[in-house]
Amino acid sequence: MLATAPLSFWGGIDVETGTVIDRSHPAIGQSVAGRVLVMPSGRGSSSSSSVLAEAIRLGTAPAAIILGEADPILVVGALVAARLYGRSCPLVVLAAEDHAAVAAAPFVRIAPEAGDRARLDLAAAP
C-alpha cells in the first residue's frame, strides 16, 4: 500500500483491524494488514511503537514497512514485537530514488542479507 503522506500508528491505525483511521490521511479507510506499507516516513508520537508492536502481535500490522526516512519509533515497535512475541515486521529505509521506484512497483519482495541489510526485488508478478 502506498501512503503518500507520513502516517502515525498512534491514532492513525485501528490496531484491531489494521485500517487507517486518521481522518486527515489520504489513505483513510485502507488496510495496512498483511501488505507492504510504503511511505515517506512515520509521523509522530512515541506511542506509535507500542501500537505497531500490538498490531504485529494481533496480525494486523503491515507485512513490511518501506520508508524514505529512518524512524526509530517504528524500529522500537518492531524490535519489541520480535522480542516479546517472536513475530516480525521488517523495516527498510531507502534512498529517495529507490523509494520512488519501490512506490511505483506493483510487487516488492524483501530478502534478508547479512547483518542488518536487505535486498529488494521489484517484480512484475509474485
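Against which elements do the buried residues of α1 pack? In this predicted model, the buried residues of α1 pack against β4 and α2, and α1 also provides the largest share of the largest nonpolar core, namely 5 residues. A buried aspartate, Asp71, sits in the loop between β4 and α2.

**Nonpolar cores**
- The largest nonpolar core has 21 residues, and those with the most contacts inside it are Met1, Phe9, Val20, Leu37, Met39, Leu52 and Ile65.
- At least two residues of this core come from each of β3 (36–39), α1 (48–58), β4 (64–67) and α2 (72–85).
- Once neighbours within four places in sequence are set aside, Phe9 is in contact with Leu37, Met39, Ser48, Val51, Leu52, Pro62, Ile65 and Leu74.
- A second, separate core is made up of 5 residues, among them Val38, Ile66, Val92 and Leu94.

**Helix α1 and its end**
- The buried residues in α1 are Ser48, Ser49, Val51, Leu52, Ala53, Ala55 and Ile56.
- Just after α1, Gly59 adopts a positive phi of about 85°.

**Aspartate 71**
- Although Asp71 is buried, it has no salt bridge, and the nearest side chain of opposite charge, that of Arg43, is 9.5 Å away; because a salt bridge requires a side-chain nitrogen of Lys or Arg within 4 Å of a carboxyl oxygen, this pair does not qualify.
- Leaving out residues up to four places away in sequence, Asp71 touches Gly42 and Arg43.
- A polar atom of the Asp71 side chain lies 3.4 Å from the backbone nitrogen of Gly42.

Definitions and conventions:
Residues numbered from 1 in each chain as written. Predicted model: local features only at pLDDT ≥ 70, side-chain atom pairs only at ≥ 80, totals over all residues. Heavy atoms only, no water. Core = buried A, V, L, I, M, F, W, Y, C linked by side-chain atoms within 4.5 Å. Buried < 20%, exposed > 50% of the residue type's maximum accessible area, 1.4 Å probe, protein only. Helix = DSSP H or I, 4+ residues; strand = E, 2+ residues; numbered from the N terminus. Contact = heavy atoms within 4.5 Å. Lys, Arg positive; Asp, Glu negative; His and termini not counted. Polar contact = N/O pair within 3.5 Å; in protein donor to acceptor, adjacent residues only side chain to side chain.
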